[in-house]
Amino acid sequence: ADERQMADFFSDLSEEDLEIGDGSHTETVSEEDAPIIQYVHSLIKDALEMRSSDIHMEPLEKKFRIRFRIDGKLREQPDPPKRLQPSILSRTKLMANVSLAEKRVPQDGRINIKAGEKVIDLRVSTLPTVHGESIVMRILDKESLRLGLPQLGFFSDDQQTFERVIGMPDGIFLVTGPTGSGKSTTLYSALNVINKSDRKIITVEDPVEYELSGINQVQVRAEVGMTFSAALRAMLRQAP
């Protein structure tokens, strides 16, 4: 029922209702915007309406493929003309606030969307390929994030074991799985459970997907020396 209501919410929006920016500013779509801008914005709107978790832009030899990941499966969408590939990729990179000139190495960026009263983030990843840059936009809907352990779908015995493990004063446990399997949701749910006023919690993330109140979240920035190892060393001096 919640997913149906969400789909109805986005289907009722027009492109003029979307405000899209890179986090430092927002940009409102208007009728006078160029066709490339309109196309990228309508693509994002369609993905939101279809409850997609990812938008994939993939340059192939003879076509520019667009796919949405829905319920864990990639589903092809109508392909734009191959000749528009450079313009669409450049527009997406501009929105994500990454370098347009850099096409030799992967880049990470973020796009902020205000759809009506909802605020949604898109985590953008670029990857150079032989036919151009592949771009994946991961849709992060903060308001729809379920932070309760019962909503994760554990069997009762497994949930009790999980709660016992995350309640231990020290130790380590690993959460593994493929993309979209729920690793981040599981970890954020665990943080929400143990987030108490008598505890100091520090996380090191790359990237910080969801901001949690009361938790010290550290963003990895390898280009300035803020690596996982550097952050872990500094954390020990913060008396967590």
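In this predicted model, Arg123 stands opposite Arg138 in strand E8. The two strands behind this pairing, E7 and E8, run antiparallel and are joined by 10 bridges. They form a hairpin, with 2 residues between them. E7 also pairs with E6, again in the antiparallel sense, over 9 bridges. Here the bridge partner of Gly109 is Val124 in E7. E6 and E7 likewise form a hairpin with 2 residues between them, and Gly116 in that turn has a positive phi of about 65°.

These strands belong to a chain that holds 6 helices and 10 strands. Of its 240 residues, 38% count as buried. Among contacts between residues at least 6 apart in sequence, 47% join residues at least 24 apart. The chain exposes about 14,100 Å², of which carbon and sulfur atoms supply 51%.

The interior comes next. In soluble globular proteins, nonpolar side chains tend to be buried together. The largest nonpolar core of this model has 26 residues, and Ile44, Ile55, Met57, Ile111, Leu122 and Met137 have the most contacts inside it. Two or more residues each come from helix H2 (35–49), strand E3 (54–59), strand E4 (64–70), helix H3 (85–95), strand E6 (107–115), strand E7 (118–129) and strand E8 (132–141). Both hairpins described above therefore supply residues to this core, through E6, E7 and E8. The element that gives the most is H2, with 6 residues.

Helix H2 can be checked in two ways. At 1.5 Å a residue, its 15 residues should span 21 Å, and the C-alpha atoms at its ends are 21 Å apart, which agrees. As for its surroundings, 11 of the 15 residues are buried, so H2 is largely enclosed by the rest of the structure. The buried residues are Ile36, Ile37, Gln38, Val40, His41, Ser42, Leu43, Ile44, Lys45, Ala47 and Leu48. Just after the helix, Arg51 takes a positive phi of about 60°.

Two residues show how the elements around this core meet. Leaving aside residues up to four places away in sequence, Met57 touches Leu43, Phe64, Arg65, Ile66, Ile88, Leu89, Thr92, Glu133, Ser134, Ile135 and Met137. One of these partners, Ile88, is found in helix H3. Ile88 has a relative accessible area of 1% and is therefore buried. With the same sequence neighbours left out, Ile88 touches Ile36, Tyr39, Val40, Met57, Phe64 and Pro80. Phe64 and Ile88 are 24 residues apart in sequence, and their C-alpha atoms are 10.0 Å apart in space.

Which residues belong to the core that lies apart from this one? That second core has 13 residues, among them Leu149, Ala190, Ile201 and Tyr210.

Leu149 also appears among the contacts of Gln159, a residue of helix H4 (residues 156–166). Beyond residues up to four places away in sequence, Gln159 touches Leu149, Pro150 and Phe154. Is Gln159 buried or exposed? The cut-off for buried is under 20% relative accessible area, and Gln159, at 16%, therefore counts as buried.

The aromatic rings complete the picture. The structure holds 3 aromatic pairs. Phe154 and Phe162 form a tilted pair, with 5.1 Å from centre to centre and 35° between the planes. Phe154, at 30% relative accessibility, counts as partly exposed, whereas Phe162, at 11%, counts as buried. Tyr188 and Tyr210 form an edge-to-face pair, 5.4 Å centre to centre with 90° between the planes. This pair links distant parts of the chain: Tyr188 lies in helix H5 (residues 183–194) and Tyr210 in the loop between strand E9 (202–205) and strand E10 (216–219), 22 residues apart. Both tyrosines, Tyr188 and Tyr210, are buried. Phe154 and Phe162 are also part of a cluster with Phe173, linked by ring pairs.

Key:
Residues are numbered from 1 along each chain as its sequence is written. This is a predicted model: local features need pLDDT of at least 70, side-chain atom pairs count only at pLDDT 80 or more; totals for chains, interfaces and linings use all residues. Side-chain values use heavy atoms; hydrogens and water are left out. A nonpolar core is a set of buried Ala, Val, Leu, Ile, Met, Phe, Trp, Tyr and Cys residues joined through side-chain atoms within 4.5 Å. Buried means under 20% relative accessible area, exposed over 50%, partly exposed in between (1.4 Å probe, protein chains only). Helices (H or I, at least four residues) and strands (E, at least two) are DSSP runs, numbered from the N terminus. Contact means heavy atoms within 4.5 Å. The expected span of a helix is 1.5 Å times one less than its number of residues. Two strands pair if DSSP finds at least two bridges between them. Rings of Phe, Tyr and Trp (its six-membered ring) pair if their centres lie within 6.5 Å; planes under 30 degrees apart count as stacked, over 60 as edge-to-face and the rest as tilted. Accessible areas come from the Shrake-Rupley method with a 1.4 Å probe; for residues, only the protein chains shown count as cover.
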